[in-house]
Amino acid sequence: MTVDTSGPGPSDDPAERVEDRARGRAEDRVQGQAEDRARGRAEGQARGQAEDRAQGQARDRVQGQAEDRAQDQTPDQAEDREPGTGVALSERDRDVLAVERRGWPGPGAKERAIRERLGISPTRYYQLLNALLDDPRALEHDPVTVNRLRRIRDERRERR
């Protein structure tokens with residue numbers, strides 16, 4: 001019995017083996033570069049998210065300190081600066097109610113909008129929102145949203 005070795009298959013030609021190895025190294029190099037780029041993008045995104053978190057925390061800290069200073073002032077001085085005092089709602093208070101008035105598909109989109117639109121952390125947002133629910137000016141500004149949120153808050157308190 002004879003074996004036909006004339007078809008395609010591994011070659012004994014040293015030039016072809018060198019080409020195959022070079023091609024394999026090139027493919028490995030391209031794949032490695034793609035993996036490095038993907039890893040770099042993931043690290044960059046993580047670094048960006050960490051920087052965003054740090055900036056948000058710093059903003060919240062500075063804002064909280066400013067509010068603490070405003071509370072230490074005399075009532076006449078604080079009336080102009082402290083949120084929730086004076087004749088009308090501040091622009092930030094109106095923006096907080098506007099964000100809450102919208103329907104959101106999920107918590108991620110809402111938290112992103114809070115950070116981008118208001119420049120505060122979601123925790124600070126909910127603190128401000130809770131204080132607004134007890135403010136009669138907020139009720140006057142947006143009674144539908146405030147009453148809905150008060151009902152939800154009261155139902156949750158009753159369940160506890």
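Are R137 and D135 buried or exposed? Select the two residues together: both R137 and D135 are buried, where buried means under 20% relative accessible area, exposed means over 50%, and partly exposed lies in between (1.4 Å probe, protein chains only). Their side chains meet in a salt bridge at 2.7 Å, N to O; the term denotes a side-chain nitrogen of Lys or Arg within 4 Å of a carboxyl oxygen of Asp or Glu.

The model is predicted: local features need pLDDT of at least 70, side-chain atom pairs count only at pLDDT 80 or more, and totals for chains, interfaces and linings use all residues. Residues are numbered from 1 along each chain as its sequence is written, and side-chain values use heavy atoms, with hydrogens and water left out.

**Overall view**

Display the whole protein as a cartoon. Seven helices and zero strands are present, and the pattern along the sequence reads α-α-α-α-α-α-α. Helices (H or I, at least four residues) and strands (E, at least two) are DSSP runs, numbered from the N terminus. Of the 160 residues, 22% count as buried.

**The nonpolar core**

Next, select V96, L97, L118 and Y125. Within the largest nonpolar core, which has 15 residues, these four touch the most other members. Such a core is a set of buried Ala, Val, Leu, Ile, Met, Phe, Trp, Tyr and Cys residues joined through side-chain atoms within 4.5 Å. Colour α3 (91-101), α4 (107-118), α5 (122-133) and α7, the elements that each give two or more residues to this core. The most comes from α5, with five residues. In soluble globular proteins, nonpolar side chains tend to be buried together.

**Salt bridges**

The structure holds four salt bridges. Select K110 and E100, whose side chains meet at 2.9 Å, N to O. K110 belongs to helix α4 and E100 to helix α3, so this pair ties together parts that are 10 residues apart in sequence. Both K110 and E100 are buried.

Move on to D142 and R101, a salt bridge with an N to O distance of 2.7 Å. Because D142 lies in the loop between α6 (136-141) and α7 while R101 lies in helix α3, the pair ties together parts that are 41 residues apart in sequence. The two partners may be inspected in turn: D142 is buried, with a relative accessible area of 8%, and R101 counts as partly exposed at 43%.

**Two contacts along the chain**

Select A138, in helix α6. This residue is buried, with a relative accessible area of 0%. Add L89 to the selection: the C-alpha atoms of A138 and L89 are separated by 6.9 Å, although the residues stand 49 apart along the chain.

Then select P122, in helix α5. P122 is buried, at 12% relative accessible area. Its C-alpha is 5.9 Å from that of E111, and the two residues are 11 apart in sequence.

**The charged surface**

Finish with R156, R157, R159 and R160, which form a positive surface patch. Patches are made of residues with over 30% relative accessible area and no salt bridge, with like charges joined within 9 Å and nonpolar side chains (Val, Leu, Ile, Met, Phe, Trp, Tyr) within 5 Å. Lys and Arg count as positive and Asp and Glu as negative, whereas His and the chain ends are not counted. Among the patch members, R159 has its place in helix α7 (residues 143-159). R159 is exposed, with a relative accessible area of 66%; accessible areas come from the Shrake-Rupley method with a 1.4 Å probe.

How values were computed. The place of a charge is taken as NZ of Lys, CZ of Arg, CG of Asp or CD of Glu.
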